[in-house]
Amino acid sequence: MPVPVPHQRTVVLPHQAGPVDDACAVTARVADAPGAGDATAQGVRAPAAGQEGAQSAVQGFPEPTQPLPAEQRLSADHGPAPQGLTLLLIGEDPNSHVPDMWDWAGHKVRLRTARNLTEAERLLTDDVHCILLDLPPRAPEGRAARDAGHGARDDELGVLRDVLRLAPSHAVLVLTYETDAERAADAVRVGAQDYLFRDELDGAVLSRAVRYAVERKRADLAQRQLTESRMLAQENARLERGLLPTPLLDGSDLRFAACYRPGRSRALLGGDFYDTVRTPDGAVHAMIGDVCGHGPDEAALGVELRIAWRALTFAGLSGDELLATLQKVLEHERADDEIFATLCTVDISADGRRAGLCLAGHPAPLLAKAGESPQLLPYEFGGPALGLLPHARWPRRQVELGGSWSLMMYTDGLIEGRIGVGNQRLGQEGMTELVSRQMAAGLSGEELLDASVREVRDLNGGELTDDVAVLLLDRR
């Protein structure tokens, strides 16, 4: 025998006031609750043999005088009951009646009422999920103005625009008459999630509309955040790409190659930095450095130090004087007194046969002369990292390069990768052996750098967590 279908209930407004059917109200609640019609879900015992005919007509529906407990509206597998939804009704008449509504878990939706935007702003707390805006009937002059164009229709929705400005992150439903279908559609165009007609509304329809509006608003906000995040990532990528250095070596017979891999995920720029320029006297100046840390602040500080180095180099500073000035820049620009930076600078003479080397807490470069195996340059005369000692000195060491050579400068990300099992690191000796093997295979320039970094990554068993910068200057 079929289960009787409950009668629909419409929203009762002052001009529609009439007797309230309590039995229908309870029936509507249960019909829209999860598990409606399921005796197990509602805590109603299955009928005994011979009682099917007597009980099937009322199966799943409690007596009108007995309110349905919350725990009986939930099926056994729902688990702990989550917090329900809260609806804010905004309308001129505080006596407007809205039928009972239920959220996804079968909890009754809480209702707040506000007569105007002032009251609505006071009641619009963080726990409100949806706003139901009760639009007043269209005035006769408004109907006449409707035919004048969209401008007049938009003016009728001024209160909706005010609500959307007041609650940009809340779902908004518009309640109107069926005769105002055109204005209801305009409300969705303006920004409402949906519209409802008073004459076709009951608790089940309103419950579904509220749940749909809340989820649609969440989806819209998530999509907007995703779009903004993508746009921001694209802007950051363009900025970071523009901050990477362009070597200035016009007129020099030296060949330049570089490899750069930031440790941050999906980033183009890290705390490592490098640069190479040729000054008017024909000398080539190269540097590579590393700001402690891996975040965007460290990357920005590295860019500042690189730009400052280029400006000071073109201004004629070198060696100890240049590094002392860079330390002042670091001290003024760093966010924390504990932040420091290592640095290696090389000044190659115009004839390309000699170089001046300054080390500030940085690994020594690797030099490969023609016909010889690569060797690490001496480190004994290096100074401390920038930002550690206020009056530090950085002596300049003279290095003989010869007629044909390759000079590789790098950051510690290249030598701190793990090898084998345990915490054993590649180290400078392991890197020297690795690069020697690559050079013996005939690799040079960018191919040499890419192959070396790739092998270091393979030895590490995956991507390197630290920033890696490698710079190579060749003279043949």
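**Exercise 1. In the predicted model, determine in which sense strand E1 (residues 86–90) and strand E3 (residues 130–134) pair, and describe the sheet to which they belong.**

Step 1. Strand E1 (residues 86–90) and strand E3 (residues 130–134) are joined over 4 bridges, and their pairing is parallel. One point at which this can be followed is Ile90, whose bridge partner in E3 is Leu133.

Step 2. Extending the view to the whole sheet gives 5 strands in the order E2-E1-E3-E4-E5, which form an open sheet with parallel pairing. The edges are taken by strand E2 (110–114) and strand E5 (194–197); each has a single partner strand, so one side of each is left without a neighbour in the sheet. On average, and with direction ignored, neighbouring strands of this sheet are turned by 25° against each other.

Step 3. A helix can now be placed against these strands: helix H8 (residues 181–190) lies across strand E4 (171–176) and E5, and its direction makes an angle of about 155° with E5.

**Exercise 2. Decide whether Leu206 is buried or exposed, and find which residues Leu206 touches beyond four places in sequence.**

Step 1. Leu206 belongs to helix H9 (residues 203–243). Its relative accessible area is 0%, and since buried means under 20%, Leu206 is buried.

Step 2. Not counting residues up to four places away in sequence, Leu206 touches Val98, Pro99, Met101, Leu132, Leu196 and Leu201. Val98 lies 108 residues from Leu206 along the chain, yet the C-alpha atoms of the two are separated by 8.8 Å.

**Exercise 3. Work out how many residues of strand E8 (284–291) are buried, and which strands E8 pairs with.**

Step 1. The count is 8 of the 8 residues, so E8 is largely enclosed by the rest of the structure.

Step 2. In a regular strand, side chains alternate between the two faces of the sheet. For E8, Val284, Ala286, Ile288 and Asp290 are buried on one side, while His285, Met287, Gly289 and Val291 are buried on the other.

Step 3. Strand E7 (residues 272–278) runs antiparallel to E8 and is joined to E8 by 7 bridges, with Asp275 having Met287 in E8 as its bridge partner. The hairpin of E7 and E8 has 5 residues between the strands, and within this hairpin Gly282 takes a positive phi near 95°.

Step 4. E8 and E9 are also antiparallel, joined by 8 bridges, and Val291 stands opposite Ala341 in E9.

**Exercise 4. Find which residues touch the most other members of the largest nonpolar core, and compare the expected span of helix H10 with its end-to-end distance.**

Step 1. The core has 27 residues, of which Val346, Ile348 and Trp405 touch the most other members. Among the elements that give two or more residues to this core are strand E8 (284–291), helix H10 (296–314) and strand E9 (341–348).

Step 2. Leaving aside neighbours within four places in sequence, the contacts of Trp405 include Leu254, Ile348, Leu367 and Leu473.

Step 3. H10 has 19 residues, which should span 27 Å at 1.5 Å a residue, and its end C-alpha atoms are 27 Å apart, so the two values agree. Its buried residues include Leu301, Val303, Leu305 and Trp309, and H10 is followed by Gly316, whose phi is positive, near 100°.

Conventions:
Residues numbered from 1 in each chain as written. Predicted model: local features only at pLDDT ≥ 70, side-chain atom pairs only at ≥ 80, totals over all residues. Heavy atoms only, no water. Core = buried A, V, L, I, M, F, W, Y, C linked by side-chain atoms within 4.5 Å. Buried < 20%, exposed > 50% of the residue type's maximum accessible area, 1.4 Å probe, protein only. Contact = heavy atoms within 4.5 Å. Pairing = 2+ DSSP bridges. Axes fitted to C-alpha atoms, helices over the stretch in contact; angles between N-to-C directions. Expected span 1.5 Å × (residues − 1).
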